[in-house]
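Please open the model in your viewer and keep the sequence panel beside it. The stops below say what to select next and what is to be found there.

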Amino acid sequence: MSGHSQSASGSAVNLTRWINRTVIYGLLVFFAIVYLMPLFVMVVTSFKTMDEIQSGNMLALPQSPTIEPWLKAWGEVCVGLTCAGIKGYFWNSIKMVVPAVVISTVMGALNGYVLTKWRFPGHTLVFGLMLFACFIPFQSVLLPMATILGNLGRFGNSLEDTIGTSLGFGNPTENLVIVHVIYGLGFTTLFFRNFYEAFPSELVKAAQVDGAGFFQIFRRIMLPNSLPIIVVTVIYQFTNIWNDFLFASAYAGTGDAMPMTVALNNIVNTSTGVVEYNVNMASAMIAALPTLLVYIVAGRYFVRGLMAGAVKG
Amino acid sequence: MNTIATTDPLKTRSRQRSTLRGKLQDALPQIVLAPSFLLTIVFVYGFIVWTGYLSLTNSKTFPSYAITGTRAYERLWRWTLESDPPSSWYTSITNMGIFGSLYIGICLALGLLLAILLDQKIRGEGVLRPIFLYPMALSFIVTGVAWKWFLDPGLGLEQTLHHMGWTSFHFDWIKNKDFVIYTVVIAGVWQASGFVMAMFLAGLRGIDGEIMKAAQIDGASSFQLYRRIIIPLLRPIFLSAFIVLAHMAIKSYDLVVALTSGGPGGSAWLPSNFMYEYTFKRNEMAVGSASAIIMLMTISAIIVPYLYSELKEKAR
């Protein structure tokens, strides 16, 4: 008798467990579909012809897949009055992102090293001031920066007149590199500081006793152990700078120097001519691919590193 | 220190040089840090003061540097009370209230739910996690383009459901001036909730398994376990996530531009859009600067106490 009741309660437990599992998986799959939907729609639309888009269902797979929209987006689509595709703007973004990421990461690493291993009176205040800079709305520095960059441009022009070269002063891409380095410093310093905080100071002290200098310790001891935080910083800076729109539209909003995001916005929000949705979606995909790739390849390290470093709680 | 006693000039010189070099060596860390610190002081704090100064002038298209008083702030204050018909500023700050509270609230709730679901020792976590997280990698412009298409009544969801036979379905929020801000919430939540999930998931994984076991032995149901024990333990993560989301909400600008182009008649504006439009398009530089300062003050009221307590705790 007791055996019978036990097996009955056992099957009841199994049933509730089964229901629980079904609900959990059901919810997860539902949310996964919702999260994937916009990307799915973007991808299928970018491979459809315009006829199919106007007549058909946005969720349907393309009946006659074509890469024409991608080719057109890359090489022919009009941005403003120039119809040479987005390839030029794609390279503008690359030319802006690579130096800005490298410079801000190197500076952040050195700052983090100083703020943890070579502390001086007032180091907390210095760090606090740099940290607060991460959170300011950039609207509060937008105008003065525009004025300074305008002056740099005039200086470049007068250099051009007198010595024949502007030495890069006033070049919009270089301006954006400067802007992104300055306003990225807070983040890169934060990442490296939190990471180096947990790095054993005894190793640094021992190296000092052995006569190693400031840069030697950095190069031989800190850097070889910094890979996780370098990955985090590079991904963070890369996505942030690649995706920036505010600075890009304020300081390079017109002309040939536009970064990818501004060009994409111009393509999509243009009011002239027939709207080619497939080309728009292909352009958006091209703009999204570099950061998506970075996330897919290194995303797990990013989250792990970010949790260990930035959000200690 | 004790160089005074030496008489040999050569020796003195070498000693002086070595102390000079020694001093340089000692100061090297500060010298390395100095450029970054100076850049921050000038380009962040100096520029904030500069913007604050401009907000007290009469600047229109070009900056003018004669202080004329708090007229820009008085105008903003007048507009704050101007609700019928709503002024652009009234629309911007009400939108900020709606967007900010829904965006933060839903991201926290959804992020926590997804993290708890993923933490149930399920199969395929490695596949699901990146699916929730990938929108974070996209630019707001791309997100805006995707959702603009998806929410467009003539092309997206509404049209698709009509095709499937549900012809009475009606969803035109993106073209409706009273509802357009909620479409910004939808796209914003889609983009950021995965990141909040990752934060909560890391928090859940950090909780000591013994605590859960003890509670289960005491007969606590799963629901009670989460409500009474686990969620209170995640408090610090709630705080971190709140700070991250709050500053992202106040900074939001691109999403409104790409998704709605500002909405019908500027009905989707946030204060950041207000600032940009007034400064660069409507030639009201002083008003634009004043709105930027108000944004900064709002965010400082949240961030400064947080940073202060964080840094104080770390210093201890």
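**First stop: an arginine of chain A**

Select Arg300(A), which is partly exposed, since its relative accessible area is 49%. The model in which this residue sits is a predicted one, and Arg300(A) has its place there in helix α13 of chain A, which covers residues 277-309. Keep Arg300(A) selected and add Val232(A): the two are 68 residues apart in sequence, while their C-alpha atoms lie 10.0 Å apart in space.

**Second stop: helix α12 of chain A**

Now select residues 260-268 of chain A, which make up helix α12; this helix is mostly covered, with eight of its nine residues buried. Among the buried residues of α12(A) are Met260(A), Thr261(A), Val262(A) and Ala263(A), and Leu264(A), Asn265(A), Ile267(A) and Val268(A) are buried as well.

**Third stop: aromatic rings**

Colour the aromatic side chains next, for the structure holds 41 aromatic pairs when all chains are taken together. One of them is formed by Phe247(A) and Tyr251(A), whose ring centres are 5.9 Å apart and whose planes meet at 15°, so the pair counts as stacked. Phe247(A) and Tyr251(A) are four residues apart in helix α11 of chain A (residues 246-251), and about one helical turn therefore separates them. In general, an α-helix has 3.6 residues a turn, so residues three or four places apart point the same way. Both Phe247(A) and Tyr251(A) are buried.

Move to chain B and select Phe200(B) together with Phe238(B), an aromatic pair in the edge-to-face arrangement, with 4.9 Å from centre to centre and 65° between the planes. What does this pair tie together? Phe200(B) lies in helix α7 (residues 180-205) and Phe238(B) in helix α10 (residues 235-251) of chain B, so the pair ties together parts that are 38 residues apart in sequence. Phe200(B) is buried, with a relative accessible area of 0%, whereas Phe238(B) is partly exposed, with a relative accessible area of 24%.

Return to chain A for a group of rings: Trp74(A), Phe90(A), Trp91(A), Phe238(A) and Trp242(A) form one aromatic cluster.

**Last stop: the chains as wholes**

Hide the side chains and show chain A as a cartoon, where you will find 13 helices and zero strands. Its C-alpha trace spans about 100 × 70 × 35 Å along the principal axes, and the radius of gyration of chain A is 26 Å, where a compact globule of 313 residues would have one near 20 Å. Of the 313 residues in chain A, 50% are buried, and among contacts between residues at least 6 apart in sequence, 67% join residues at least 24 apart. If you colour by charge, chain A shows 16 positive and 13 negative side chains, with the centres of the two sets 18 Å apart.

Chain B, shown in the same manner, has 13 helices and zero strands, and its C-alpha atoms fill a box of roughly 105 × 70 × 30 Å along the principal axes. For chain B the radius of gyration is 27 Å, against a value near 20 Å for a compact globule of 316 residues. Chain B carries 27 positive and 19 negative side chains, the centres of these two sets lying 11 Å apart. With a surface display switched on, chain B exposes about 15600 Å², of which carbon and sulfur atoms supply 63%.

Note on methods
Residues numbered from 1 in each chain as written. Chains lettered and ligands numbered in written order. Predicted model: local features only at pLDDT ≥ 70, side-chain atom pairs only at ≥ 80, totals over all residues. Heavy atoms only, no water. Helix = DSSP H or I, 4+ residues; strand = E, 2+ residues; numbered from the N terminus. Rg over C-alpha atoms; globule rule 2.2 N^0.38 Å. Areas by Shrake-Rupley, 256 points an atom, 1.4 Å probe, with all protein chains shown as cover. Lys, Arg positive; Asp, Glu negative; His and termini not counted. Charge placed at Lys NZ, Arg CZ, Asp CG, Glu CD. Buried < 20%, exposed > 50% of the residue type's maximum accessible area, 1.4 Å probe, protein only. Phe/Tyr/Trp six-rings, centres within 6.5 Å; stacked < 30°, edge-to-face > 60°. Contact = heavy atoms within 4.5 Å.
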